[in-house]
Structure formats: structure tokens, C-alpha cells
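Q: I would like a close look at one part of this protein, namely its paired strands and the residues around them. Please take me through it slowly, with enough of the whole to give me my bearings.

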Amino acid sequence: MRFSALLLICFLFLQTTLSFSQSGDQKILFITSNQTTYGNTNLPTSNHFAEIVWAYDEFKNAGYEVDFMSPLGGEIPIGYIDSSDRVQKKYLENRRFMNRLKTTLQPSAVSETDYLAVYYSGGGAAMFGVPENEQIQKISENIYNNNGVISAVCHGTAGIVNLKNENGLALYSGMQITGFPDAFERTHKPYYKTFPFSIENEIRANGGVFNYSEKGWDGHYMLDNRIVTGQDPSGSALVAKKVIEIIKKIK
């Protein structure tokens, strides 16, 4: 009986230790935006809900914890919702999850050493507040320099345009990058005129190799040296899966 009790104690201790290690060492940081309008207009915008939950679902199912961060912290706007989609419906009905989108972390509350990767979700809101935020840039750069992974999808790629390497060049200089291309934007519409830059033009100007699928909505993504980017929402889950694959290889 004493031996059995000792075994039980050892087993519980091991489980507790593993659980603590997993929560502290297996975390992914989602980077979102607080922006509610396109620029200074009255045109509403938001974070793309599917791009958040399709990736989140992959990370959670693989055993990773996820934290949400935004430039200001607190609540973020969500949109582009399709409640007929099984994954979106699951999280829309998850009160605890939805509350986390109302209580995102500020950059000052984040320690980059806690994370294996960052994931920039998209939606029109991603064009504002995130790309120019120097605190967010530094967090992402430090995670990457600590052998971590940078990932983004659709307009979320806007968030990586200002990231730099130790030589002061774009972190993605010479690398294959994708995101939502101008070919699929309605460039004549008022919303587009509020964008601070064209994602593809900015990537190219900084030395990145921007490419996209002319078909679109076909899961197109690019991987280059621990940077994973997806073209549009259809690449969200695939980007997350590739990030998980890279993390496992590194570890």
C-alpha cells in the first residue's frame, strides 16, 4: 500500500510539473487590433473572426495556450462572422473565449520569453494601430530572435512590415511573403483610400518577395525561415498547422 501511495504521489507530481511546463513554455501570442473604423472615417471595420478562431482551434487542439494582445489592450471589435461555420459557431457560443476578446493584453503586460510564436490575425482593423506600434514590433522581433516563429494571415501581414533584424534590415528581407494582395482589394472604394500603405508594395519596398495566388481563397501560404504568412482567411488553419510543425522541429 505504501509503495502504491508513493507511486501515486510521484505520478501526480509529474503531471503537475508537466502541466506547469506546458502552460509556461507552450504559448502562442495572437496580435489583434482595437481599431473600429477605417482610419478617421465612420466606415466600420474589425478583426476577422474566422482568421482568429480557425487558427486558435488548431493551436488549442495541439495543446498550446494562446494569449491575445492588442495595442491598447481590452476589447477588440470582431466581424466577418459566419455562424453557420462549425468552428466559428463553437467559439461564438463559448462565453469564456468571447470574454478573452474583451480583455486582451496590452504590450506592456507581455513578456516575449513566454511565447514560441506570434500570430497576426487580419481584417481591415489590422491595418491600423498594429504595424506602427514599436512595443509590438520589439516583442515580435525578440520572439523571432529567440528561435520563435512569426506568422500572419491576410491583412495581418501588415503587422510585420516594420519588423527589423539585427542589421536594421526588414526581418523578411529576401524572404517569400504573402498577404492580401491589391489585386483582390477594391482599390477604388473609400475604405482602401484610408489604408496607410499597400501591404504588397511595402513588403517589396523593404526587400521581401511578395507573391500570391491569382485564384485566391485556396489556402495559399508561404513559409520562409520561420516566417509563415497566409494570403486570405482560407490559409488561417494551414498557417497555424505549419507554425506547430516548425515549433515541434525546433524543440
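A: What follows begins with the whole protein and then moves to the strands, one group after another.

The model is a predicted one, and the secondary structure of the protein comes to eight helices and 10 strands. The radius of gyration is 19 Å, close to the 18 Å that the globule rule gives for 251 residues, so the protein is as compact as a globular protein of that length. Along its principal axes, the C-alpha trace spans about 75 × 45 × 35 Å. Of the 251 residues, 51% are buried, and the area that the protein exposes is about 12,300 Å², with 52% of it supplied by carbon and sulfur atoms. If we take the contacts between residues at least 6 apart in sequence, 77% of them join residues at least 24 apart. Among the side chains, 23 are positive and 25 are negative, and the centres of these two sets lie 7 Å apart.

We can now turn to the strands, starting with E1 and E3. Strand E1 covers residues 27-31, and five bridges join it to E3, with the two strands running parallel. One pair of partners in this arrangement is Ile31 and Met69, the latter belonging to E3. Strand E3 itself covers residues 65-69, and because four of these five residues are buried, the strand is largely enclosed by the rest of the structure.

Ile28 shows what surrounds a single residue of E1, the strand in which it has its place. Is Ile28 buried or exposed? Its relative accessible area is 0%, and a residue counts as buried when that value is under 20%, so Ile28 is buried. Leaving out residues up to four places away in sequence, Ile28 touches Glu65, Val66 and Asp67, and also Phe59, Tyr64, Tyr115, Leu116, Ala117 and Ile247. A distance across the fold can be added here, since the C-alpha atoms of Ile28 and Lys248 are separated by 13 Å, although these residues are 220 residues apart along the chain.

A second group of strands is built around E10, which covers residues 227-230 and has Ile227 and Thr229 pointing one way while Val228 and Gly230 point the other way, all of them buried. Strand E6, made of residues 149-153, pairs with E10 in the parallel sense over four bridges, and within that pairing Val153 stands opposite Gly230. Strand E9, made of residues 221-224, is joined to E10 by four bridges as well, but these two strands run antiparallel, and here Leu223 stands opposite Val228. E9 and E10 form a hairpin with two residues between the strands, and in this hairpin Asn225 takes a positive phi near 50°.

To set beside these strand residues, consider Glu112, which lies in the loop between helix H4 (95-100) and strand E5 (117-120). Glu112 has a relative accessible area of 24% and is therefore partly exposed. Apart from its neighbours within four places in sequence, Glu112 is in contact with Ile139, Asn142 and Ile143. The C-alpha atoms of Glu112 and Lys189 are separated by 38 Å, and the two residues are 77 residues apart along the chain.

How values were computed. Residues numbered from 1 in each chain as written. Predicted model: local features only at pLDDT ≥ 70, side-chain atom pairs only at ≥ 80, totals over all residues. Heavy atoms only, no water. Rg over C-alpha atoms; globule rule 2.2 N^0.38 Å. Buried < 20%, exposed > 50% of the residue type's maximum accessible area, 1.4 Å probe, protein only. Contact = heavy atoms within 4.5 Å. Areas by Shrake-Rupley, 256 points an atom, 1.4 Å probe, with all protein chains shown as cover. Lys, Arg positive; Asp, Glu negative; His and termini not counted. Charge placed at Lys NZ, Arg CZ, Asp CG, Glu CD. Pairing = 2+ DSSP bridges.
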